[in-house]
Amino acid sequence: MTVRLGLIGGRGHTGREILRLLSRRDDLVLAMASSRELAGQAVRDTAPELESDIEFAAIAPDELGLASLDAVILALPNGAAAPYVAAVDPQTVIVDLSADYRFSDDWVYGLPEIYGRDQIRGAKRIANPGCYATCGQLAIAPMRDNLDGPAHVFGVSGYSGAGTTPSRKNDLAALADNLMPYALTGHIHEREMARQLGVDVRFSPHVAPFFSGLSTTVQMSLRSPMSADEVRQRYAQAYEGEALITLSGDIPEPAMVAGQAGAMVGGWSVSEDGRQLALVSALDNLQKGAAVQALQNLALALGLPEYV
């Protein structure tokens, strides 16, 4: 089976990673790549590893609706997806990387390691989780039935998470020797984690002066005390057989996962009374936090191999 795929939003960091990952698959053929800024330029100029003869084009929603595509990945800013979704045939698979449909009951939320693969298989509309939300949920999910109060998540991301549009959060001069907090209440990833996990979450995001990689330090109060060994066993059971999840007794760091497809969870620390748990999860915000997860979800929806 060969799938004709359209990528809408190919200019950004995530779009570039999707193109690179497509070069590893012979069951997904890039049939369309949309970018206003790169219109007229050959895709191979951006992704030389991808054997493609097509050029970027500025594709309007109605033009996308006329294309003969089996699947579409939307890598657009928040708030921009709706016209493209409306134009696409209902039987065409869409994976949306924005936050626009993560809170919709009509879309499948695609985090297979936590919420399972059965709901993704055969789905036509899939909301790709946020990078911070993926990282935080991987840390919290195995303990969500034993929480006593909110899970507190302290997040630090490389500046690629701020996208390519110039801002203070991707300004290397402003970031130099600095750690930049932002959106300290009501962050959309806080609401996303709470909705999906069904628990209360408190999230504090920060940007640091490295390019890619993301870390969340999570503090949780436990209703029933647990030992460190019991905690480790619970995480081992939760992620047994998951190719993209590595468990580590050492504290994960962003440098350990930069450029890597998967996530690392570990560094468990338990208080003497067994009621306070701290741990760290880390992933590359452009990989498992975005592009890798998008292709996982797309492959599952289409019945293709999840990993290549």
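A salt bridge is a side-chain nitrogen of Lys or Arg within 4 Å of a carboxyl oxygen of Asp or Glu. Arg 202 and Asp 200 meet this criterion, with their side chains 2.6 Å apart, N to O. The model described here is a predicted one, and the count of salt bridges in it comes to 13.

## Salt bridges and charged side chains

Side chains of opposite charge can pair when their charged atoms come close. In the pair introduced above, Arg 202 counts as partly exposed because its relative accessibility is 38%. Asp 200, with a relative accessible area of 37%, is also partly exposed.

A further salt bridge joins the side chains of Arg 232 and Asp 229, at 2.2 Å from N to O. Both residues belong to helix 9 and are 3 residues apart, about one turn of the helix. Arg 232 is partly exposed at a relative accessible area of 34%, and Asp 229 is partly exposed at 44%.

The salt bridge between Glu 49 and Arg 16 has its closest N and O atoms 3.2 Å apart. This pair links distant parts of the chain, with the two positions 33 residues apart: Glu 49 is in the loop between helix 2 (43-46) and helix 3 (61-66), while Arg 16 is in helix 1. Glu 49 is partly exposed at 34% relative accessibility, and Arg 16 is partly exposed at 22%.

The three pairs are set out below.

| Salt bridge | N to O distance |
|---|---|
| Arg 202 and Asp 200 | 2.6 Å |
| Arg 232 and Asp 229 | 2.2 Å |
| Glu 49 and Arg 16 | 3.2 Å |

Salt bridges also link Arg 117, Glu 242 and Glu 306 in a network.

Glu 49 has another arginine among its neighbours. Arg 20, which lies in helix 1 (residues 13-22), touches Glu 49 and Gln 287, leaving aside residues up to four places away in sequence. The side chain of Arg 20 also makes a polar contact of 2.9 Å with that of Glu 17. Is Arg 20 buried or exposed? Arg 20 is buried, because its relative accessible area of 17% falls under the 20% cut-off.

## The sheet and helix 9

An open sheet of 7 strands runs in the order 8-9-7-10-13-12-11, and its pairing is mixed. Its edges are strand 8 (180-181) and strand 11 (245-248), each of which pairs on one side only. Helix 9 (residues 228-238) packs on this sheet and touches strand 10, strand 11, strand 12 (263-270) and strand 13. The direction of helix 9 makes about 160 degrees with that of strand 12.

Strand 10 (residues 214-221) pairs with strand 7 (residues 151-158) in the antiparallel sense, over 6 bridges. Within this pairing, Val 153 has Val 218 of strand 10 as its bridge partner, and Ser 157 stands opposite Leu 214. Strand 10 also pairs with strand 13 (residues 276-283), again in the antiparallel sense, over 8 bridges. Which residue of strand 13 is the bridge partner of Leu 214? The partner is Leu 283. Leu 214 thus appears in both pairings, opposite Ser 157 and bridged to Leu 283. In a regular strand the side chains alternate between the two faces of the sheet.

## The loop before strand 7

Arg 144 is located in the loop between helix 6 (131-140) and strand 7. At 32% relative accessibility, Arg 144 counts as partly exposed. Leaving aside residues up to four places away in sequence, Arg 144 touches Ile 114, Tyr 115, Gln 196, Leu 197 and Val 199. The C-alpha atoms of Arg 144 and Met 220 are 9.4 Å apart in space, although the two residues are 76 residues apart in sequence.

## Cysteines

A disulfide is a covalent bond between the sulfur atoms of two cysteines. How many disulfides does a search of the whole structure find? The search finds 0. Cys 131 is in no disulfide, and its nearest cysteine sulfur is that of Cys 135, 8.6 Å away. Cys 135 is likewise in no disulfide, its nearest cysteine sulfur being that of Cys 131. The separation of 8.6 Å does not meet the requirement that the sulfur atoms be within 2.5 Å. Cys 131 counts as buried because its relative accessibility is 15%, and Cys 135 counts as buried at 0%.

Methods: Residues are numbered from 1 along each chain as its sequence is written. This is a predicted model: local features need pLDDT of at least 70, side-chain atom pairs count only at pLDDT 80 or more; totals for chains, interfaces and linings use all residues. Side-chain values use heavy atoms; hydrogens and water are left out. Two strands pair if DSSP finds at least two bridges between them. Helices (H or I, at least four residues) and strands (E, at least two) are DSSP runs, numbered from the N terminus. Contact means heavy atoms within 4.5 Å. Axes are lines fitted to C-alpha atoms, for helices over the stretch in contact, and angles run from 0 to 180 degrees between N-to-C directions. Buried means under 20% relative accessible area, exposed over 50%, partly exposed in between (1.4 Å probe, protein chains only). A polar contact is a pair of N or O atoms within 3.5 Å; within protein, one must be able to donate a hydrogen and the other to accept it, and residues adjacent in sequence count only if both atoms are side-chain atoms.
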